[in-house]
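Reader: Hello! I have just started learning to read protein models, and I would love a close look at one part of this one. Could you take me to the largest pocket and then show me what surrounds it?

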Amino acid sequence: MGGYELGTASYLMTLIWVAVFWQMYALGAMGLIFEVSALFSNSISVVGLPIVPVAAVFCFRDRMSGVKGVSMALAVWGFVSYMYQCYLDDRNSKVVTKSVDETSPRMSS
């Protein structure tokens with residue numbers, strides 16, 4: 001604590017707020033798992049990955065390195081791939097549903 005450049009109070013506030021936000025994240029992720037699905041919760045977590053390095057650059061004056069850039073690009077690519085696959089699955093299910101509706105005999109009353 002004594003070696004922290006911004007002082008002891010800043011160090012303690014950083015620890016406290018990290019703990020608070022970590023609890024909020026864990027509660028939100030569990031809510032997504034129970035209400036939607038574990039896969040969706042994971043994809044939302046991946047979307048948040050690029051936010052952390054950018055926030056570190058602005059808040060803590062950390063330098064932007066190549067590793068951070070690559071990790072941000074991979075996180076965005078993974079989320080876009082997931083969303084595109086969801087789009088394709090939805091489009092294919094509509095086509096299958098439409099073809100099943102057209103081929104099934106109609107009930108008359």
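Author: Happy to! Let's start with the whole chain and then move in. Of its 109 residues, 10% count as buried. Please keep in mind that this is a predicted model, and that every value below is computed from it.

The protein chain has 4 helices and 0 strands, so its pattern along the sequence reads α-α-α-α, with each helix being a DSSP run. The chain exposes about 9000 Å², and carbon and sulfur atoms supply 70% of that area. What about contacts between distant parts of the sequence? Among contacts between residues at least 6 apart in sequence, 36% join residues at least 24 apart.

Now to the pocket you asked about. The largest pocket has a volume of about 280 Å³. Which elements give two or more residues to its lining? They are helix 1 (8-35), helix 2 (38-48) and helix 3 (51-59). If you want to find the lining in the model, look for Trp-22, Tyr-25, Ile-44, Ser-45, Gly-48, Leu-49, Ile-51, Val-52, Ala-55 and Phe-60. Sorted by class, that lining has 8 nonpolar residues, 2 polar ones and no charged ones.

Let's pick two names from the lining, Trp-22 and Tyr-25. The structure holds 4 aromatic pairs, and Trp-22 and Tyr-25 form one that is tilted, with 5.4 Å centre to centre and 40 degrees between the planes. Both residues lie in helix 1, 3 residues apart, which is about one turn of the helix. Are these two residues buried or exposed? Trp-22 counts as exposed because its relative accessibility is 56%, and the cut-off for exposed is over 50%. Tyr-25 counts as partly exposed because its value is 41%.

Helix 1 also carries another aromatic pair, Trp-17 and Phe-21. This pair is tilted too, with 5.8 Å centre to centre and 35 degrees between the planes. Trp-17 and Phe-21 are 4 residues apart in helix 1, so about one helical turn separates them. Trp-17 is partly exposed, with a relative accessible area of 44%, and Phe-21 counts as partly exposed at 49%.

Next, let's visit helix 2, which also gives residues to the pocket lining. Two serines are worth finding here: Ser-41 lies in helix 2, and so does Ser-43. Why does Ser-41 count as buried? Its relative accessibility is 5%, and buried means under 20%, so Ser-41 falls in that class. Leaving aside neighbours within four places in sequence, Ser-41 is in contact with Ala-29, Leu-32 and Ile-33. Those three numbers fall within the range of helix 1 (8-35), so you can trace contacts from helix 2 to helix 1 through Ser-41.

Ser-43 counts as buried as well, because its relative accessibility is 7%. Which residues does Ser-43 touch, not counting those up to four places away in sequence? They are Phe-79 and Tyr-82. To follow the chain a little further, look at Met-83: it is 40 residues from Ser-43 along the chain, yet their C-alpha atoms are separated by 9.0 Å.

To retrace the route in the model, begin at the pocket lined by residues including Trp-22 and Tyr-25, follow helix 1 to the pair of Trp-17 and Phe-21, and finish in helix 2 at Ser-41 and Ser-43. Enjoy exploring!

Definitions and conventions: Residues are numbered from 1 along each chain as its sequence is written. This is a predicted model: local features need pLDDT of at least 70, side-chain atom pairs count only at pLDDT 80 or more; totals for chains, interfaces and linings use all residues. Side-chain values use heavy atoms; hydrogens and water are left out. On a 1 Å grid over the protein atoms alone, a cavity is a set of points where a 1.4 Å probe fits but cannot get out, and a pocket is an open set with protein on both sides within 12 Å along at least five of seven lines; lining residues have an atom within 4 Å of a point. Grid points are joined across faces, edges and corners, and a volume is the space filled by probe spheres set on the points. Ala, Val, Leu, Ile, Met, Phe, Trp, Tyr, Cys and Pro count as nonpolar, Asp, Glu, Lys and Arg as charged, and the others, Gly among them, as polar. Buried means under 20% relative accessible area, exposed over 50%, partly exposed in between (1.4 Å probe, protein chains only). Contact means heavy atoms within 4.5 Å. Accessible areas come from the Shrake-Rupley method with a 1.4 Å probe; for residues, only the protein chains shown count as cover. Rings of Phe, Tyr and Trp (its six-membered ring) pair if their centres lie within 6.5 Å; planes under 30 degrees apart count as stacked, over 60 as edge-to-face and the rest as tilted.
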